[in-house]
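Biologist: Hello! I am new to this one. Could you walk me through it and show me how each label is earned?

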Amino acid sequence: LKSTCTSWAKALNPPGISLLSQLHPSHVSLSRRAYDESITVIRDKEKMLPLSSSMHPGEELLLLTPLVKPLPASAMTKSLLGAKKSWSQAPTQHDSWAHRDRERSAIMSGEGMFREFGKNLARYRNEKLLHTSYTANGVRPVHENLIARASCIIIVTADANRNMYQAGFTKHVDMMCSMHRSRGNKKQLIVVAVSSPYDFAMDKSISTYICTFDFTEDAMSALVRVLVGEITPIGSMPGTLRKSKKVLKSRQHWLVEEYDRARDYGGLEDLLKAVHRASAPDLHFLKSTRAASMELHLPNIKETHFVVRNSSTGALYGFVATYFIAGVGIIGALLVDPSKRNVSIGRSLHRRALKSLSQQRGLKKVQVGMSFPGVFLGIPLDPEANTVKEWFSNSGWDTQFPRRLTNMIIHDLPNWVAPEGLLQSIQRANISFDLIHGLENAESVLHHVRANANPEVLELYTYALSENKACGIVRAKDPSGNLIGTVIICRQGSPLVTYIPPLLSDREDIGGIIAPIVPSTPQSTLVLQGLALMGVRQSKGHRASKAVLSWIVDDAFEPLVAMGFDILQAFEEITNSPEVCQT
């Protein structure tokens with residue numbers, strides 16, 4: 001090796017810097033070839049590459065990138081260090097302040113790392129490219145607006161398995177793209193892992209997945225050439241992808257049968273009591289839940305329920321309720337006998353429920369939790385029930401962006417008084433309220449609900465309006481007479497309380513304030529408080545001992561706590577694309 005490569009004469013007399021300048025072109029060529037051949041396309045199920053074959057002229061491309069620190073070998077780091085050395089040895093106070101902030105922002109923002117990549121990609125395609133960054137704050141309105149504009153979205157991740165916000169952001173955008181596609185809009189998604197190749201290697205819901213292994217300028221240039229089709233990627237994953245033994249662990253499969261009311265009604269009553277006893281005091285609403293609470297029998301809602309049962313004794317080991325309305329498939333309840341848990345009964349029921357929902361024509365999205373019937377508005381938010389959310393996550397659901405629904409209560413209604421100044425604030429805003437009964441007066445109310453709430457809430461309002469003896473609708477209007485809010489008021493004798501278990505009681509009269517629908521406006525908090533106030537007044541007028549408000553969305557419950565309401569139960573409603581049915 002020594003005789004062929006060098007000698008003492010050569011080693012002790014190096015040719016100098018001039019030889020390095022001669023070798024530089026060959027080194028650059030070798031580096032480019034190495035990067036070009038390392039780019040790896042793990043999946044491209046939708047044939048999105050190259051972009052010229054999947055995007056038409058004029059269509060916009062969106063680039064979403066995380067904030068990362070430049071790699072030591074990158075040109076950006078070298079330029080920052082060079083700038084630092086060029087400063088005077090004794091900088092002025094102004095210089096030290098200015099450069100300190102500039103250096104920190106340049107190194108930590110990371111936007112510049114991918115800005116050149118975006119410019120190069122736009123230059124190669126000769127088309128417009130939109131670019132913004134994302135952080136642990138998740139999907140913001142600016143992201144939603146840009147996603148709505150673009151035909152293709154490229155998301156860059158860097159060690160998403162350690163930086164979990166990147167995985168959550170990517171899954172959220174993937175869900176948004178699926179929803180856009182279900183409405184007929186073109187939304188392609190490409191995920192590029194620029195550090196660890198394992199970010200989404202096992203997640204086949206990401207249909208186009210590319211790995212670059214680093215994010216230096218050379219790697220980003222090679223990625224541009226792959227995206228535009230100048231080179232064909234031939235890289236491969238290091239090692240072998242293999243599922244863990246835990247995932248491959250065999251699970252028992254149970255016979256799941258369709259619910260038969262004549263056969264299973266008594267068994268479901270017993271199952272509800274058993275689950276309530278095991279979960280007390282957390283799921284106290286199950287004490288007043290009946291088997292009839294799951295059965296709507298309405299023409300616009302298709303319901304199919306399933307059970308795992310003992311065919312000899314008739315006992316139910318598990319029950320799942322599914323509903324389908326206006327393109328939305330819903331799991332409204334999933335119960336397993338506490339003495340029969342951890343033997344895959346819940347998984348067998350869950351699998352059968354998703355299969356049933358996936359067979360419905362026009363399915364646009366699926367959700368866990370339902371407002372009507374309002375037994376489980378979502379996954380219960382209780383210390384003892386936290387494992388339920390994890391269970392759904394392990395079953396393929398993206399649970400990172402739930403909608404909170406909170407039931408609230410005034411325990412001592414006869415002695416409750418309105419907060420001082422609330423009525424005067426409502427009067428100053430010129431908000432007026434009235435109470436209507438019956439479907440003949442309901443067109444404006446139903447139009448308002450249809451525009452601002454889920455499809456099952458529209459059915460809830462229709463049902464309440466048809467029960468004009470014990471139910472009514474309070475309407476809130478602005479000074480021009482425009483409808484700005486609605487809420488259902490019901491008494492204990494209403495058939496509606498069967499489907500809202502917190503209202504059902506054999507011993508006391510509970511007034512119901514149900515499903516306030518208030519669009520987001522500068523006055524929405526005041527409108528919500530006004531509707532709640534009118535509901536409480538109606539309940540007090542009917543001599544109710546308690547008032548239950550079911551339900552408040554997200555953090556809108558806080559102004560009602562200030563009015564004297566207590567939190568009764570909170571839930572998290574989970575919504576996913578239909579692809580969860582395939583997991």
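Modeller: Gladly. Let us start with a term: a residue is called buried when its relative accessible area is under 20%, and exposed when that value is over 50%. Please keep in mind that this is a predicted model.

Biologist: Then what makes helix 13 largely enclosed by the rest of the structure?

Modeller: Ten of the 14 residues of helix 13 are buried, so the helix is largely enclosed by the rest of the structure. Among those buried residues are Ile345, Arg347, Leu349, His350 and Leu357. Helix 13 covers residues 345-358, and its first and last C-alpha atoms are 20 Å apart, close to the 20 Å expected at 1.5 Å a residue.

Biologist: Which part of the protein as a whole is buried?

Modeller: Buried residues are 49% of the 583 residues in the protein. The chain forms 19 helices and 19 strands, and its C-alpha atoms fill a box of roughly 105 × 65 × 45 Å along the principal axes. Of the contacts with a separation of 6 or more, 74% join residues 24 or more positions apart.

Biologist: Why does Asn342 count as exposed?

Modeller: Its relative accessibility is 83%, and the label needs over 50%, so Asn342 counts as exposed. Asn342 sits in the loop between strand 10 (328-336) and helix 13. Its phi is positive, about 65°, although Asn342 is not a glycine. Asn430 is not a glycine either, and has a positive phi of about 55°; Asn430 belongs to the loop between helix 15 (422-428) and strand 14 (432-436).

Biologist: Now to helix pairs. Why is helix 16 called roughly antiparallel to helix 17?

Modeller: Helix 16 (residues 443-452) and helix 17 (residues 455-466) pack at about 160°, with axes 9 Å apart. Angles over 145 degrees count as roughly antiparallel, so helix 16 earns that name relative to helix 17. Their crossing is right-handed.

Biologist: Which residues make that contact?

Modeller: Helix 16 brings Val445, Leu446, Val449 and Arg450, while helix 17 brings Val457, Leu458, Tyr461, Thr462 and Leu465. By class, the contact has seven nonpolar, one polar and one charged residues.

Biologist: And what makes helix 8 oblique to helix 9?

Modeller: The axes of helix 8 (residues 141-149) and helix 9 (residues 164-182) cross at roughly 40° and come within 11 Å. Roughly parallel needs an angle under 35 degrees and roughly perpendicular needs 65 to 115, so the angle here leaves helix 8 oblique to helix 9. This crossing is right-handed.

Biologist: Which residues of helix 8 and helix 9 meet?

Modeller: His143, Glu144, Ile147 and Ala148 in helix 8 meet Phe169, Val173, Met176 and His180 in helix 9. They divide into five nonpolar, two polar and one charged.

Biologist: One last topic, the backbone. Where is the cis peptide bond with omega near 5°?

Modeller: That bond runs from Phe372 to Pro373. Pro373 lies in the loop between strand 11 (365-368) and strand 12 (379-380). The peptide bond from Ser550 to Trp551 is also cis, with omega near 25°, and Trp551 is in strand 18 (residues 546-553).

Methods: Residues numbered from 1 in each chain as written. Predicted model: local features only at pLDDT ≥ 70, side-chain atom pairs only at ≥ 80, totals over all residues. Heavy atoms only, no water. Helix = DSSP H or I, 4+ residues; strand = E, 2+ residues; numbered from the N terminus. Expected span 1.5 Å × (residues − 1). Buried < 20%, exposed > 50% of the residue type's maximum accessible area, 1.4 Å probe, protein only. Axes fitted to C-alpha atoms, helices over the stretch in contact; angles between N-to-C directions. Left-handed = near helix turned anticlockwise from the far one by under 90°. Contact = heavy atoms within 4.5 Å. Nonpolar A, V, L, I, M, F, W, Y, C, P; charged D, E, K, R; others polar.
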